[in-house]
Amino acid sequence: MARAVVRPWSAVASIECAEIDHRFVAAIHGPVLIGPDGTPAAVIPALGSYSRRRAERRTDQLRAIRAAAVDG
């Protein structure tokens, strides 16, 4: 997906941390937006990391942003 694609939070059912790419011998993990039908709707490579723990933290932050936007 291009960076210019805007996806409203209402079109996102959940946000998961998953392996989004594989470079050399290491996996890159990052947030994946899951659509209402349960399929991956968008991958966010700019928030990806070789560190699964760092990618999980970034995914948690994105979940908090989504929750604030949907609830507030």
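Biologist: What radius of gyration does the protein chain have, set against a compact globule of 72 residues?

Modeller: This is a predicted model, in which local features need pLDDT of at least 70, side-chain atom pairs count only at pLDDT 80 or more, and totals for chains, interfaces and linings use all residues. Residues are numbered from 1 along each chain as its sequence is written, and side-chain values use heavy atoms, with hydrogens and water left out. The radius of gyration is taken over C-alpha atoms, and the globule rule is 2.2 Å times the number of residues to the power 0.38. That rule puts a compact globule of 72 residues near 11 Å, which agrees with the chain's value of 12 Å.

Biologist: What pattern do the helix and strands follow along the sequence?

Modeller: Helices (H or I, at least four residues) and strands (E, at least two) are DSSP runs, numbered from the N terminus. The protein chain has 1 helix and 3 strands. Read along the sequence, their pattern is β-β-β-α.

Biologist: Which residues form the largest nonpolar core?

Modeller: Buried means under 20% relative accessible area, exposed over 50%, and partly exposed in between (1.4 Å probe, protein chains only); 25% of the 72 residues count as buried. A nonpolar core is a set of buried Ala, Val, Leu, Ile, Met, Phe, Trp, Tyr and Cys residues joined through side-chain atoms within 4.5 Å. The largest such core has 5 residues: V12, I15, L33, A42 and L62.

Biologist: Which residues does L62 touch, leaving out those up to four places away in sequence?

Modeller: Contact means heavy atoms within 4.5 Å. L62 belongs to the largest nonpolar core. With residues up to four places away in sequence left out, L62 touches W9, I15, P31, L33, I44 and L47.

Biologist: Is H29 buried or exposed?

Modeller: H29 lies in strand β2, residues 26-34. Among the residues that H29 touches beyond four places in sequence are C17, Y50 and R52. Its relative accessible area is 12%, so H29 is buried.

Biologist: How many Å apart are G30 and R52, C-alpha to C-alpha?

Modeller: G30 is in strand β2 and is buried, with a relative accessible area of 0%. In sequence, G30 and R52 are 22 residues apart, and in space their C-alpha to C-alpha distance is 7.9 Å.

Biologist: How far apart are the centres of the positive and negative side chains?

Modeller: Lys and Arg count as positive and Asp and Glu as negative, while His and the chain ends are not counted. Each charge is placed at NZ of Lys, CZ of Arg, CG of Asp or CD of Glu. There are 10 positive and 7 negative side chains, and the centres of the two sets are separated by 7 Å.
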